[in-house]
Amino acid sequence: DLKSQQQRLEAAQVDNTKTLSSRLDKLSDNQDILTDDVTSLYEKFEDMQISQDNLVQDNVGLVEQFDYLENQSRRNNLMFHGIPQAENESWEDCERKVLRLIKEKLNIAQSVLIERAHRVGSAIVARFQSFKDRDLVLSRAKQLKGTDIFIREDLSKRLRQKQNGLKPLMTSLRNDGKRAVLSHDKLKTEEGTFTFNIEKQQIEKINDTRLPPFHHRHSLHSS
C-alpha cells in the first residue's frame, strides 16, 4: 500500500543519507591525510633546499680557500707582456730578458733576484726571490707607458674575474670625483667596501668601512 511504500522510501533515504555522510567523512579524512602528506613533502623540500643552499655555501667557501692559497703561491710573481719570444727559448733566456728590462727600461740599478722565469702563452712569468723586489718592479711599471711592453700581477682567474666585476663601479665613482681603491678582491670607497659575487654575478657591499673624501685629505695637508 501507499503507506508501506512511503516508509520504504523514507528508510532508503535515511540509508542513502548515512552512506553519503560516511563517504563525506572518509573523503574529509582522506583530504586531511593528503594535506598532511603535502605539508610533509613541502617541509622535506624546504629541508632539502636548506641543505642544498648550505652545500653551495660550503662549496663556495672551499673554492675561496683554494683561490686564496693559489694567489698566495703567486704572491712573488709578475707577468711581463710584449717581450719578443725567440725560437727554442729557454728559462734562462726568459730570466735574462726580464733582468735586462728591469735594468734598462725600469732603471733599477740594484740587484734583483729571480727564482725562475718561463713563458705562459706569450707572456713571461717571473718569480722573484723577495716580495720587496717584486713590488719595486711593479711600482716602476708606469715607465713602460708608450711601449709594447706592460707588467701586471700574476692573479688567479677567479681573482681577475672579481676585479673585472668591480672595475665598472670603480670607474664610475672616480668619474664622479670620489675615491675608489681596488685592493685584492675588494673595492674600498667613500660609501663602503664592496666585492664581486661571481656565483650571483653582482656587486655586493660587505661592510661600511669607508675611505675619507678627497677634501678631508687636502684639509689635512693644508693644516
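This is a walk through the structure shown above, from its overall layout to a few individual residues. Keep in mind along the way that the model is predicted.

Let us begin with the whole chain. The protein has 223 residues, of which 26% count as buried. Its fold is built from five helices and eight strands. If you follow the chain from the N terminus, the elements come in the order α-β-α-β-β-α-β-α-β-β-β-β-α. Contacts give another view of the layout: among those between residues at least 6 apart in sequence, 51% join residues at least 24 apart. As for the outside, the accessible surface amounts to about 16,000 Å², and 51% of that belongs to carbon and sulfur atoms.

A good place to start looking is helix α1, which covers residues 2–73 and holds Phe66. Is Phe66 buried or exposed? Phe66 counts as exposed because its relative accessibility is 57%, and the cut-off for that word is over 50%. Phe66 also has company at the surface: together with Leu62, Tyr68 and Leu69, it makes a nonpolar patch of about 460 Å².

Now turn from the surface to the interior. The largest nonpolar core has 20 residues, and those touching the most other members are Phe80, Val98, Ile102, Phe128, Val137 and Ile151. Which elements give two or more residues to this core? They are β1 (77–81), α2 (91–104), β2 (114–120) and β3 (123–128). Of these, α2 gives the most, with four residues. Phe80 is a handy residue to centre your view on. Leaving aside its neighbours within four places in sequence, Phe80 is in contact with Val98, Leu101, Ala123, Ile124, Ala126, Phe128, Val137, Phe150 and Ile151. Apart from this core lies another one, of eight residues, including Met170, Leu173, Leu187 and Ile198.

Leu173 also leads us to the next stop, Thr189. This threonine sits in strand β6, residues 186–189. With a relative accessible area of 1%, Thr189 is buried, because that word applies under 20%. Leaving aside neighbours within four places in sequence, the residues in contact with Thr189 are Leu173, Arg179, Ala180, Phe194, Thr209, Arg210 and Leu211. Thr189 has a polar partner too: a polar atom of its side chain lies 2.8 Å from the backbone oxygen of Gly192.

Charged residues come next. Side chains of opposite charge can pair when their charged atoms come close. In this model the count comes to 15 salt bridges. One of them joins Asp185 and Lys162, with 3.6 Å from N to O. This pair links distant parts of the chain, since Asp185 lies in the loop between β5 (180–183) and β6, while Lys162 belongs to helix α4 (residues 157–175), 23 residues apart. Are the two partners buried or exposed? Asp185 counts as buried at 14% relative accessibility, and Lys162 is buried as well, at 6%.

Asp185 has a further partner in Lys186, at 3.1 Å from N to O. Lys186 counts as partly exposed, with 32% relative accessibility. These bridges belong to a wider arrangement: Glu64, Arg158, Lys162, Asp185, Lys186 and Glu199 are linked in a network of salt bridges.

Elsewhere, Asp135 forms a salt bridge with Arg134, and their closest N and O atoms are 3.4 Å apart. The partners differ in how much they are covered: Arg134 counts as buried at 5% relative accessibility, whereas Asp135 is partly exposed at 36%.

Finally, take a look at the backbone in two loops. Which residue in the loop between β1 and α2 is worth a stop? It is Asn88, whose phi is near 55 degrees, a positive value in a residue other than glycine. Asn88 counts as exposed, at 70% relative accessibility. The other example is His184, in the loop between β5 and β6. Its phi is near 60 degrees, again a positive value in a residue other than glycine. At 41% relative accessibility, His184 counts as partly exposed. The loop of His184 is also where Asp185 lies, which brings us back to the salt bridge between Asp185 and Lys162.

Note on methods. Residues numbered from 1 in each chain as written. Predicted model: local features only at pLDDT ≥ 70, side-chain atom pairs only at ≥ 80, totals over all residues. Heavy atoms only, no water. Patch = residues over 30% accessible without salt bridge, like charges linked within 9 Å, V, L, I, M, F, W, Y side chains within 5 Å. Areas by Shrake-Rupley, 256 points an atom, 1.4 Å probe, with all protein chains shown as cover. Salt bridge = Lys/Arg side-chain N within 4 Å of Asp/Glu carboxyl O. Buried < 20%, exposed > 50% of the residue type's maximum accessible area, 1.4 Å probe, protein only. Core = buried A, V, L, I, M, F, W, Y, C linked by side-chain atoms within 4.5 Å. Contact = heavy atoms within 4.5 Å. Polar contact = N/O pair within 3.5 Å; in protein donor to acceptor, adjacent residues only side chain to side chain.
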